[in-house]
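Student: I would like to take a close look at a single part of this structure, and then to see what lies in the rest of the model. Could you go through it slowly with me?

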Amino acid sequence: MSYRAEYLWIDGTVPTARLRSKTKILEQGAVPPVWGFDGSSTNQAQGHASDRVLKPVFSCPDPIRGGQNVLVLCEVLNTDGTPHESNTRALLAPVADRFAGQEPLFGIEQEYTFFQGDRPLGFPEGGFPAPQGGYYCGVGAEEIFGREIVEKHLDHCLTAGLGISGINAEVMPGQWEFQVGPLSPVQVADQLWVARWLLHRTAEDFGVRVTLDPKPVKGDWNGAGAHTNFSTRAMREGYDAIITACESLGEGTKPLDHVYRYGDGVDARLTGLHETAPWDEYSYGVSDRGASVRIPWQVEVDKKGYIEDRRPNANVDPYQVTRLIVDTCCTALER
Ligand code: ADP
Ligand code: MN
Ligand code: MN
Ligand code: MN
Ligand code: MN
């Protein structure tokens, strides 16, 4: 008896990495071993020294194939065992370890857009649908496009045992969201990458493409973000820590860091319109969806809880954004 292990990894495409996967057949009972691939085909090596190493770091049941089959998320190493330069997980792990005593938790809201051909699902040929207003959390065939894919993806995430916590239709037709967390920094990032892979894979069977483009339709249409909700134990217990975290996130925000922190094209999305703050100005506020960082109203009432960094784009690397938030906030909270 054998089973199938689908090895997933994050490639070296710049500025926004893509997911790759391939299948290994394993004997029943065998643990998925270290494997390799052709890095010259994934922007991770030159042809003359093309081998790169896949090191399994997280695995779960494969809801697509079912049975005993598994998904195996890997990190990419060089043949000498050092992390490849595209391997941002290797940068997160030591920072998460260093601040583990503060018990940081993240919940990430992944927005995305379905496309069929050259336009979002639900956009009429050669034109535009009715303006935004009724689509967010809507119901009915006039407003909702792709729900069968979204429901299938949700089933798959639950079957895989991922910490998915909800889904909703978004402000633009064909645009949706799922949330992963609250989980520790490494867990939320690993599981978000697997949930993204499952989304692309599920939509593939419907002949539909998923994009994490932060501004898939120019003009008066909402962009797609990845609001990153964050707390430490101190923030879950008191308001001073909430304010300290909000203040710290405004420090040292240099324009050059933005792609790295929040994903490529952040200036196209963070315009100050469509429920965003301008990308080059920092602000925080209670209930304020026009601020960089929002304190949810319930958190102000309870005087404890979590904060929402609204800046990250849909195409953000969760290993990067969680590392930068933990590093910034936990350093400030330590003082
Ligand atoms: P909204 O759309 O109103 O911004 P959502 O309900 O989509 O909010 O997402 C809220 C997110 O906050 C969820 O991903 C949830 O996991 C996360 N969350 C809730 N409590 C905490 C917490 N204490 N620490 C970190 N994240 C949290
Ligand atoms: Mn080959
Ligand atoms: Mn949300
Ligand atoms: Mn949303
Ligand atoms: Mn949000």
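Student: Is A314 buried or exposed, and how many C-beta neighbours does A314 have inside 10 Å?

Tutor: Please keep in mind from the start that this is a predicted model. A314 has 27 C-beta neighbours inside 10 Å, and because a residue is called buried once 20 or more other C-beta atoms lie within that distance, A314 counts as buried. Its place in the chain is the loop between β14 and α9. If we set aside the neighbours within four places in sequence, A314 is in contact with Q110, E111 and Y112, with L212 and P214, and with A224, G225 and A226. We can also compare sequence with space for one pair, since A314 and R269 are 45 residues apart along the sequence, while their C-alpha atoms are 10.0 Å apart.

The loop that holds A314 leads to helix α9, which covers residues 318-334. This helix has 17 residues, and from its first C-alpha to its last it reaches 23 Å, close to the 24 Å expected at 1.5 Å a residue. Many residues of α9 are buried, among them P318, Y319, L324, C329 and C330. It may help to recall that an α-helix has 3.6 residues a turn, so residues three or four places apart point the same way.

On the other side of the loop is β14, and between α8 (297-302) and β14 (307-309) there is another loop, in which we find K303. K303 has 11 C-beta neighbours inside 10 Å and therefore counts as exposed, whereas A314, with 27, is buried. K303 also has a positive phi of about 60°, although it is not a glycine. E103, in the loop between α1 (89-98) and β6, likewise has a positive phi, near 50°, and this residue is partly exposed, with 14 other C-beta atoms within 10 Å. These two deserve a second look because most residues other than glycine have a negative phi, and most peptide bonds are trans.

Peptide bonds that are cis also appear in this model. One of them joins V14 and P15, with omega about 5°, and P15 lies in the loop between β1 and β2. Another runs from G181 to P182, with omega near 0°, and P182 is placed in strand β9.

Strand β9 takes us to a hairpin. Five bridges join β8 to β9, and the two strands run antiparallel; I167, for example, has F178 in β9 as its bridge partner. Between the strands of this hairpin there are five residues, and G174 takes a positive phi near 80°.

These strands also bring us to ligand 1. Its shell has 17 residues, of which G107, Q179, N229, S231 and Y306 come nearest. The elements that give two or more residues to this shell are β6 (105-116), β8 (164-169), β9 (175-183) and β11 (228-231), and β6 gives the most, with four. By class, the shell is made up of five nonpolar, nine polar and three charged residues.

Finally, we can turn to an open sheet of five strands, which has the order β2-β1-β5-β4-β3 and mixed pairing. Here β2 (19-27) and β3 (35-38) stand at the edges with a single partner strand each, so one side of each is left without a neighbour in the sheet. From one strand to the next, the twist averages 40°. Strand β1 (residues 2-10) is joined to β2 by nine bridges, and this pair runs antiparallel, with A5 standing opposite K24 in β2. Helix α3 (residues 185-204) packs on the sheet, where it touches β1, β2, β4 (51-61) and β5 (70-77), and its direction makes about 95° with that of β2.

The bridges of β1 to β5 number four, and these two strands run parallel; in β5, the bridge partner of A5 is V70. Strand β4 is joined to β5 by eight bridges in an antiparallel pairing, in which F58 has L73 as its partner. Seven of the eight residues of β5 are buried, so this strand is largely enclosed by the rest of the structure.

Methods. Residues numbered from 1 in each chain as written. Chains lettered and ligands numbered in written order. Predicted model: local features only at pLDDT ≥ 70, side-chain atom pairs only at ≥ 80, totals over all residues. Near = placed C-beta within 6 Å. Nonpolar A, V, L, I, M, F, W, Y, C, P; charged D, E, K, R; others polar. Pairing = 2+ DSSP bridges. Axes fitted to C-alpha atoms, helices over the stretch in contact; angles between N-to-C directions. Contact = placed C-beta atoms within 7 Å. Expected span 1.5 Å × (residues − 1). Buried ≥ 20, exposed ≤ 12 C-beta atoms within 10 Å, placed from the backbone.
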